[in-house]
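Here is a set of short exercises to work through with the sequence and the model side by side. Try each task yourself before you read its solution.

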Amino acid sequence: MDDDGVAPEEMSQSAGLLLEEPPLEVALPGVFAQPACHAICRGKIHAERVLARAAQSAHEGDGVGFSLAYQELLDEFQPLLRWAIASWDYLLTMEGCKFLERSHDERRSTHGHYRPFLDRDFSRLIHRQFKTLVLQYVPGTNGGLHHHLTEQFWPAVVAEYRELDRPADARQRRLTPYSYLRRVPYEFLNDYHHERVTAALARLPEREQRFLHRYFFEFCSDGAIAEELQLQPQTARAYRRQAFSQLLAVDRLAAALLRQ
């Protein structure tokens, strides 16, 4: 018998039973594979001729003629557009969710200043890139319009999607996946959180306050803040870590909220 009153043979039997149990199945998020693109067009029209007619109509100022020709191209390349739309889940798993700043009218009934980029936004992005590539195509290029779209369309879609989190202000950093939790100018949705973080920052020296406020609330980069505070660019990151360590000593919850 051991100290717990269990015989050694009973312990070995219990261990054997535990080892024989199947491993737990942990539900992991699925990663979607991109569907195969079997064809990019219907093959019912001569795309180069229709594109030439669209260019001629645009040159002559014939908006109706251009619209009709462009609609023919849309119909012809429906397989490509449907394939791109079906790749929405794949793009989300590979690139993550993006957020868009709400318009002024949208903010009237919504507390947050950001909204997620949805599938309907993705559909508009796809059609916008398709139109851009069609208009940029130079007739007679090697491979033709079909080759041009095959090579350029999906990379252009992904490139525009990746740029959605780039702010208009060059001094700012890219938005994070938690940006939807904040309002412009990056206030917390919960007033208690915002007041607690603000109170914690007020207990730091003035320069540390300014650095952390610029970095976390205005989303400025280390380089932009270093230039404003007249710090050496190479020491800006170390200075931020030092300031954040001081905040961590003052209020750990406030520091954790800023790290979101």
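The exercises below start with the whole chain and then turn to single parts of this predicted model.

**Exercise 1. The chain as a whole**

Task: Find out how many helices and strands the chain has, and what share of its residues is buried.

Solution: Start with the secondary structure, which comes to twelve helices and four strands. Next, take the residues: of the 260 in the chain, 35% are buried. Then turn to the surface, where the chain exposes about 16400 Å², with carbon and sulfur atoms supplying 53% of that area. Finally, look at how the chain meets itself. Among contacts between residues at least 6 apart in sequence, 66% join residues at least 24 apart.

**Exercise 2. Where to trust the model**

Task: Work out in which helix confidence is lowest and in which it is highest.

Solution: First take the overall picture: the average pLDDT is 83, and 82% of the residues score at least 70. Now go helix by helix. Helix 1 (residues 8-20) has the lowest confidence, with a mean of 46, while helix 4 has the highest, at 96. The stretch of residues 10-19 has a pLDDT below 50 and makes two contacts in the model beyond near neighbours in sequence. Residues 1-8 stay under 50 as well, and the model gives them five contacts beyond four places in sequence. Where pLDDT is low, the predicted coordinates should not be read in detail.

**Exercise 3. A helix and its surroundings**

Task: Describe helix 3 by its span, its buried residues and what covers them.

Solution: Begin with the span. Helix 3 covers residues 63-76, which is 14 residues, and reaches 20 Å from its first C-alpha to its last, close to the 20 Å expected. Then look at its start, where a side-chain oxygen of D62 comes to within 3.4 Å of the backbone nitrogen of V64. Next, list the buried residues of this helix: G65, F66, A69, Y70, L73, L74 and E76. Their cover includes helix 2 (47-59), helix 4 (78-86), helix 6 (119-136) and helix 7 (144-162).

**Exercise 4. Aromatic rings**

Task: Describe the aromatic pair of F117 and Y161, and explain why it ties together parts that are apart in sequence.

Solution: The count of aromatic pairs comes to twelve. F117 and Y161 form one that is edge-to-face, at 5.4 Å centre to centre with 70° between the planes. F117 sits in the loop between strand 2 (114-116) and helix 6, whereas Y161 belongs to helix 7, so the pair ties together parts 44 residues apart in sequence. Both F117 and Y161 are buried.

Now compare F130 and F153, an edge-to-face pair at 6.5 Å centre to centre and 85° between the planes. This pair links helix 6, where F130 lies, to helix 7, where F153 lies, across 23 residues. F130 and F153 are both buried. As a last step, place them in a wider group: F66, Y70, F77, F130 and F153 form one aromatic cluster.

**Exercise 5. A histidine in helix 7**

Task: Find which residues H148 touches, not counting residues up to four places away in sequence.

Solution: Locate H148 in helix 7. Its touching partners, with those close in sequence set aside, are L133, Y137 and F153. For L133 there is a further detail: the side chain of H148 reaches the backbone oxygen of L133 at 3.3 Å.

**Exercise 6. Two residues in one loop**

Task: For Q34 and for R42, decide whether each is buried, partly exposed or exposed, and list the residues each meets.

Solution: Take Q34 first, in the loop between helix 1 and helix 2. Its relative accessible area is 27%, so Q34 is partly exposed. Leaving aside neighbours within four places in sequence, Q34 is in contact with W83, S87, Y90 and W154. The side chains of Q34 and S87 make a polar contact at 3.3 Å.

Now move to R42, also placed in the loop between helix 1 and helix 2. With a relative accessible area of 42%, R42 is partly exposed. R42 touches D75, E76, Q78, P79 and R82, with residues up to four places away in sequence not counted. A polar atom of the R42 side chain lies 2.5 Å from the backbone oxygen of D75. To finish, check a distance: R42 and F77 are 35 residues apart in sequence and 6.5 Å apart in space, C-alpha to C-alpha.

Definitions and conventions
Residues are numbered from 1 along each chain as its sequence is written. This is a predicted model: local features need pLDDT of at least 70, side-chain atom pairs count only at pLDDT 80 or more; totals for chains, interfaces and linings use all residues. Side-chain values use heavy atoms; hydrogens and water are left out. Helices (H or I, at least four residues) and strands (E, at least two) are DSSP runs, numbered from the N terminus. The expected span of a helix is 1.5 Å times one less than its number of residues. Buried means under 20% relative accessible area, exposed over 50%, partly exposed in between (1.4 Å probe, protein chains only). Contact means heavy atoms within 4.5 Å. A polar contact is a pair of N or O atoms within 3.5 Å; within protein, one must be able to donate a hydrogen and the other to accept it, and residues adjacent in sequence count only if both atoms are side-chain atoms. Accessible areas come from the Shrake-Rupley method with a 1.4 Å probe; for residues, only the protein chains shown count as cover. pLDDT is the predictor's confidence in each residue, from 0 to 100. Rings of Phe, Tyr and Trp (its six-membered ring) pair if their centres lie within 6.5 Å; planes under 30 degrees apart count as stacked, over 60 as edge-to-face and the rest as tilted.
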